[in-house]
Amino acid sequence: MTETLPLAGHLPSMPLSERREVIEELVLSEFRTALQMDADEDLTLETGFFDLGLTSLRLIELRRRMESRIGVEIDATVLFSQPTIEQLVNYLVRSVDDSRLTGSAPAGEDGR
């Protein structure tokens, strides 16, 4: 898909179903890039990160890229407590919703 994903600031205002779709697409894209997969290659949401062949270092790199694109801070422990793409997407959707409800700025936005 060549469509540009919305900026982090737009995610909280999206309907939940649309927000989930955008976040899932972004996460899948980042994982495919890290795994050197083509966009049309199948990547299941239920497979564990380490089963995909990712290392802890690669997961930390992925985390940083996703944080900057989604605008939500991802604690490193989340990658181990939510060890599949599906669980990570669910966590990120909840995190964006929580930041919207609490009015806190997404990661990287300090209100200046």
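These legends describe close-up views of a predicted model.

**View 1. Salt bridges in the structure.** The predicted model holds four salt bridges. Side chains of opposite charge can pair when their charged atoms come close. The next views take up pairs within helix 1, within helix 2 and between the two helices.

**View 2. Arg 20 and Glu 24 pair within helix 1.** Both residues lie in helix 1. They are four residues apart, about one turn of the helix. Their side chains meet in a salt bridge, with an N to O distance of 3.7 Å. Arg 20 has a relative accessibility of 25% and counts as partly exposed. Glu 24 also counts as partly exposed, at 22%. Both values sit above the 20% limit under which a residue is called buried.

**View 3. Glu 30 bridges to Arg 69.** Glu 30 forms a salt bridge with Arg 69. The closest N and O atoms are 2.6 Å apart. Glu 30 lies in helix 1 and Arg 69 in helix 2, so this pair ties together parts that are 39 residues apart in sequence. The two partners differ in exposure: Glu 30 is buried, at 6% relative accessibility, whereas Arg 69 is partly exposed, at 33%.

**View 4. Arg 65 joins the network.** Glu 30, Arg 65 and Arg 69 are linked in a network of salt bridges. Within this network, the Glu 30 and Arg 69 pair has its closest N and O atoms 2.6 Å apart. Glu 30 is the buried acid of that pair, with a relative accessibility of 6%.

**View 5. Glu 61 and Arg 58 pair within helix 2.** Here the side chains of Glu 61 and Arg 58 meet in a salt bridge, at 3.1 Å from N to O. Both residues belong to helix 2. Three residues separate their positions, about one turn of the helix. Glu 61 is partly exposed, with 30% relative accessibility. Arg 58 is partly exposed too, at 30%.

**View 6. Gln 36 has a positive phi.** Gln 36 lies in the loop between helix 1 (16-34) and helix 2 (56-70). Its phi is near 55°, a positive value in a residue other than glycine. Most residues other than glycine have a negative phi. Gln 36 is exposed, with a relative accessible area of 71%. That value is over the 50% limit, so Gln 36 counts as exposed.

Note on methods: Residues numbered from 1 in each chain as written. Predicted model: local features only at pLDDT ≥ 70, side-chain atom pairs only at ≥ 80, totals over all residues. Heavy atoms only, no water. Buried < 20%, exposed > 50% of the residue type's maximum accessible area, 1.4 Å probe, protein only.
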